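I opened this model to see how its helices and strands fit together. My notes follow in the order I looked things up.

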Amino acid sequence: MSSVGAGFRLVRAGWVLVREGVVAALPGDELFGLPKLGWRMARLLTRRRALAYERGDRLAKAVVRLGPSYVKLGQFLATRPDVVGNDIALDLAMLQDKMQTFPQAEAIAASLGRKVGELYASFGEAVAAASIAQVHIAETLQDGVGSRVAVKVIRPGVRRRFFRDLESYFLAARLQEKYIPSSRRLRPVEVTQTLAQTTKIEMDLRLEAAALSELGENTKDDPGFRVPSVDWERTGRDVLTMEWVDGIKLNDIAGLAAAGHDLKAIAVNLVQSFLRHTLRDGFFHADMHPGNLFVEPDGTIVAVDLGIAGRLGKKERRFLAEILYGFITRDYLRVAEVHFEAGYVPRQHNVAAFGQAIRAIGEPIHDQPAETISMAKLLALLFEVTDLFDMATRSELVLLQKTMVVVEGVARTLDPAFNMWKTSEPVVGGWISGNLGPRALLADARDGASALLALARQAPDLAARTERLSREIDLMAEHGLRFDERTARAIGKAEARHTRSGRMALWVIAVTLVYIAWKLL
């Protein structure tokens, strides 16, 4: 029955998007067949007053009607321009996550097991309220000394509502993979699973606290960048207490200039800090819009709201550094080889042909002034070209590219003549010399020796497992692969249930659409 409910919720969401003019605002002139007919019907069913708004405004109104779960979905899809396209991703990035406030005392007491008055010397009203949580200003006492803190509290009931709506997201993703073969490269179900996992993490404030702590340790010796400290005694699953930040938001350009800050220096500091976290640590703040960045009186940038963070393994970091260095040196064949070495492009494709496609991206860049070249746009074009060579979507690299778009955009707001390449060179060049040169070979040799030593310690266990596996393979070759009766029965039930529920959901959607069309006639 959950598929039936998911089907109803999916139809309702589609109806709201149609009525608010979101579907009609999509480019449909090049469609044909049933999609073209559906787009034309959507234009006819759009509210008249919705036609007066731009696409971004229509999208915002639709999301408000659908509720906080869809705000979070929109924000997540804004980080996936490979899935929704660059234009729609920009519209989604402009969604304002502002909701009504809620009483917080019960939520804090339930999470921390103590009353608000026992935890805080004073507790103020909410200063911001979003779809998942709201933030209060409060004060704590430690050895008679008062400290101002920010208290983030999860919205009651938000988990239940989000995971109920998540069923309809999965249904839409499965239908897309089944009936739109061209979308399978983008892995819609996997994207939805990533959304589910990301939101689970974001709804457990202990994990956000841990991310703040990790980024704080990574950046403790970095010049001009930090994150607020966490008050672990007053932090739980639904409550996060951290240091209150006194500073000017990065979107207040006039305020920063009036305070005497060097805007160009802040832009350089922001980009170099982001690249340092990405390449050196493999862990970066993935929601660095200007509302989450403050500048303290001494010019230090403080980043807050670490609900979304990105990670890159050593392999991905080497890949990123080598392709950037390859574009700088115009070694396009090497950029292509890196894609094949990393296993991102299938082997059946020709390396030289892929290098030619890379050259089509890189050569126009060298004819432009450095301050007009966008590193984020370069990566976006690279992802577009890789589509021609069947490169599967890498979610961690797409998240990095989207974050780089935001960071570079903030930097150019501070300094319109900002030179991304010159600013990046010290960080990228330093990382390359330390990780792709002789020192890197020594480090790899040391890691390899450690891996061999660990393998040698496991040799007796591996030998025993190999012997057991050999016996089982011999038995399988002689008697064939067999399931026990309980396993076979469970597989049959699961398959029957999946087929039945899927058909029922499709029938519900079809009947609902017929009913809506009949009511409109």
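**Entry 1: strand β5.** I began with β5 and asked how enclosed it is. Four of its five residues are buried, so β5 is largely enclosed by the rest of the structure. I keep in mind that this is a predicted model.

I then looked for the neighbours of β5. Five bridges join β5 to β3, and the two strands run antiparallel. I picked out one pair: valine 151 has threonine 241 in β5 as its bridge partner.

**Entry 2: the sheet around β5.** Next I traced the whole sheet. I read an open sheet of four strands, in the order β1-β2-β3-β5, with antiparallel pairing. Its edge strands are β1 (122–129) and β5 (239–243), and each of them pairs on one side only. So β5 is an edge strand and yet is largely enclosed, because four of its five residues are buried. I noted the twist too: it averages 30° from one strand to the next.

In the middle of the order I checked β2 against β3. Strand β2 covers residues 133–142 and strand β3 covers residues 145–154. Ten bridges join them, and they run antiparallel. Here I noted alanine 138, whose bridge partner in β3 is valine 149.

**Entry 3: the other four-strand sheet.** I moved on to β4, β9, β8 and β6. They form an open sheet in the order β4-β9-β8-β6, and here the pairing is mixed. The edge strands are β4 (225–226) and β6 (248–249), each pairing on one side only.

I followed β6 inward. Two bridges join it to strand β8 (residues 293–295), and β6 and β8 run antiparallel. Isoleucine 248 has valine 295 in β8 as its bridge partner.

Which helix lies across this sheet's strands β4, β8 and β9? I found helix α13 (residues 263–281) there, running at about 45° to β9 (301–303).

**Entry 4: histidine 261.** I looked for this residue and found it in the loop between α12 (253–258) and α13. Is histidine 261 buried or exposed? Its relative accessible area is 13%. The cut-off for buried is under 20%, so histidine 261 counts as buried.

I listed what it touches, leaving out residues up to four places away in sequence. The contacts are Ile248, Leu256, Ile266, Val295, Glu296, Pro297 and Gly299. Two of these names were already in my notes: Ile248 and Val295 are the bridge partners that link β6 and β8.

**Entry 5: α9 against α10.** I turned to helix pairs. Helix α9 (residues 158–179) and helix α10 (residues 188–202) pack at an angle of about 165°, with their axes 8 Å apart. That angle makes α9 roughly antiparallel to α10. Their crossing is right-handed.

I checked which residues make the contact. From α9 they include Phe162, Phe163, Leu166, Tyr169 and Phe170. From α10 they include Pro188, Val189, Leu195 and Ala196. By class, I get ten nonpolar, four polar and three charged residues.

**Entry 6: α14 against α19.** Helix α14 (residues 314–329) and helix α19 (residues 420–435) pack at about 125°, with their axes 10 Å apart. The two helices are therefore oblique to each other. This crossing is left-handed.

On the α14 side I found Arg317, Arg318, Ala321, Leu324, Tyr325 and Ile328. They meet Trp421, Trp431, Ile432 and Asn435 in α19. The contact divides into seven nonpolar, one polar and two charged residues.

**Entry 7: glutamate 363.** I located this residue in helix α16 (residues 351–365). It is partly exposed, with a relative accessible area of 23%. Which residues does glutamate 363 touch, not counting those up to four places away in sequence? I found Arg330 and Tyr332. Arginine 330 is 33 residues away in sequence, and 7.8 Å away in space, C-alpha to C-alpha.

**Entry 8: the chain as a whole.** Last, I took the totals. The chain comes to 22 helices and ten strands. Of its 521 residues, 43% are buried. Among contacts with a separation of 6 or more, 68% are between residues 24 or more positions apart.

Key
Residues are numbered from 1 along each chain as its sequence is written. This is a predicted model: local features need pLDDT of at least 70, side-chain atom pairs count only at pLDDT 80 or more; totals for chains, interfaces and linings use all residues. Side-chain values use heavy atoms; hydrogens and water are left out. Axes are lines fitted to C-alpha atoms, for helices over the stretch in contact, and angles run from 0 to 180 degrees between N-to-C directions. Angles under 35 degrees count as roughly parallel, over 145 as roughly antiparallel, 65 to 115 as roughly perpendicular and the rest as oblique. A crossing is left-handed if the near helix is turned anticlockwise from the far one by less than a right angle, and right-handed if clockwise. Contact means heavy atoms within 4.5 Å. Ala, Val, Leu, Ile, Met, Phe, Trp, Tyr, Cys and Pro count as nonpolar, Asp, Glu, Lys and Arg as charged, and the others, Gly among them, as polar. Two strands pair if DSSP finds at least two bridges between them. Buried means under 20% relative accessible area, exposed over 50%, partly exposed in between (1.4 Å probe, protein chains only).
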